[in-house]
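Here are some short exercises to work through with the model open beside you. Try each one yourself before reading the solution.

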Amino acid sequence: MKKNTTVDQEQSVEQTEEKAVEQAEEQTVQKTDDAPSNGEEKAADVVIIPEPAAKIHPGISVVIPYRADEANGQELRFALRSFEKNFKEPFHIVVIGDKEDWFDEENIIHIPFDSKDDNPQVNLIEILKIAIADERVTETFIWSNDDIYLLNEITTAHITIPKALGKFEPEKYNGHYKSNMEKTIALLAEQGLPPVNYGTHTPFFFDKAKLQEMFEKFPEALKGDCLFESLYYIGQFPIILDWLNDNWLLPIISLNPDPKQLQSFSEKKFFLNNNPRSYSPTLEKFLYERFPEMSRFEIESR
């Protein structure tokens, strides 16, 4: 029995050794077949350089909807210069809409958008949705326009203060703006809320989460035919603007503003705006004198 056992053990060892040799040969063949040529060996040594990280833009986003065919001059250029000079916190610019050839895209985040409707408010709602969804726009952001200018030094605190014009007065308007206003009044009335007009044409401070809450409360606003600023700010306690007496806003509505009055009023005001029909040589001269230096958002001055 011992002899047979020994023979069996010896045979088992031999079989094991044979299998090991066979496996080693298979591995050698595999390695030989898979081995790269000299050229491939060199290629295998090439270091893959990772793509550079996306540029991080510091500070709060200032989002500006922009449609070039509705601009009457250099409004956007002066608006950006005014932020550069007078906004005293870190910020970056996000332009959603058209692009000018003087944009320095190292310092401007440009998001293309083509207008979809002849009602401007519908387009603004679509742009607002883009701003909410885009991760490059900060969770809280400033919403401004190409024809809003900062006349004196401000911080975010100046923008977060709710401002209003009083109650809506749709009888003073016509066209899309009147119908948008009437739709807004109706939406507020359904909720038992007062018809307060927060559309001051000054910069707004928005929170993405609160904007989502606004759309949940007023789902009809997603269609865009209403004044969403007044839906967002409703229920707060605003400052009622009085341009003749306060230091908040100087609205330019005349094609021929008096240069002396323009200069005098602007000394104490934080914001100036103009409507499309009131951008004039007089106003452009005033803005150029106020903001003559290029901002970091321009690649050339002309």
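A residue is called buried under 20% relative accessible area, exposed over 50%, and partly exposed in between. Keep in mind that this is a predicted model.

**Exercise 1. Find the partner of E169 in a salt bridge, and classify both residues by accessibility.**

Step 1: E169 pairs with K172, and their closest N and O atoms are 3.1 Å apart.
Step 2: E169 has 34% relative accessibility, so this residue is partly exposed.
Step 3: K172 reaches 57%, which means that K172 counts as exposed.

**Exercise 2. Describe the salt bridge between E70 and R67, and say which network the two belong to.**

Step 1: The closest N and O atoms of E70 and R67 are 3.6 Å apart. The cut-off for a salt bridge is 4 Å.
Step 2: E70 is partly exposed because its relative accessibility is 47%. R67, at 31%, is also partly exposed.
Step 3: Salt bridges link R67, D69 and E70 in a network.
Step 4: For the whole structure, the count comes to 14 salt bridges.

**Exercise 3. Work out which parts of the chain the salt bridge of E298 and R81 links, and whether the two residues are buried or exposed.**

Step 1: In this salt bridge, the closest N and O atoms are 2.9 Å apart.
Step 2: E298 is in the segment after α10 (281–290), while R81 is in helix α3 (residues 75–86). The pair links distant parts of the chain, 217 residues apart.
Step 3: Both E298 and R81 are buried.

**Exercise 4. Compare the surroundings of G59 and S144.**

Step 1: Locate G59 in the loop between α2 (38–44) and β1 (60–66). With a relative accessible area of 32%, G59 is partly exposed.
Step 2: Beyond its neighbours within four places in sequence, G59 contacts P90, F91, H92 and T138. T138 is 79 residues from G59 along the chain, yet their C-alpha atoms are separated by 8.4 Å.
Step 3: Now find S144, in the loop between β4 (140–143) and β5 (148–150). S144 is buried, with a relative accessible area of 0%.
Step 4: Not counting residues up to four places away in sequence, S144 touches V62, V63, I64, P65, F83 and P203.

**Exercise 5. Decide how the rings of W143 and F228 are arranged, then do the same for W248 and F271.**

Step 1: A search of the whole structure gives 19 aromatic pairs. One of them is W143 with F228, 5.8 Å centre to centre with 85° between the planes, an edge-to-face pair.
Step 2: W143 lies in strand β4 and F228 in helix α8 (residues 228–233), so this pair ties together parts that are 85 residues apart in sequence. Both W143 and F228 are buried.
Step 3: The rings of W248 and F271 are stacked because their planes are at 15°, with centres 6.4 Å apart. W248 and F271 are both buried.
Step 4: Look around W143 once more: ring pairs join F141, W143, Y198, F204, F206, F228, Y232 and Y233 into a cluster.

**Exercise 6. Name the charged residue that lies over the face of W248, and the one over F91.**

Step 1: K163 lies over the face of W248, at 5.0 Å from the ring centre.
Step 2: R296 lies over the face of F91, at 4.9 Å from the ring centre.

Note on methods. Residues numbered from 1 in each chain as written. Predicted model: local features only at pLDDT ≥ 70, side-chain atom pairs only at ≥ 80, totals over all residues. Heavy atoms only, no water. Salt bridge = Lys/Arg side-chain N within 4 Å of Asp/Glu carboxyl O. Buried < 20%, exposed > 50% of the residue type's maximum accessible area, 1.4 Å probe, protein only. Helix = DSSP H or I, 4+ residues; strand = E, 2+ residues; numbered from the N terminus. Contact = heavy atoms within 4.5 Å. Phe/Tyr/Trp six-rings, centres within 6.5 Å; stacked < 30°, edge-to-face > 60°. Lys NZ or Arg CZ within 6 Å of the ring centre and 35° of its normal.
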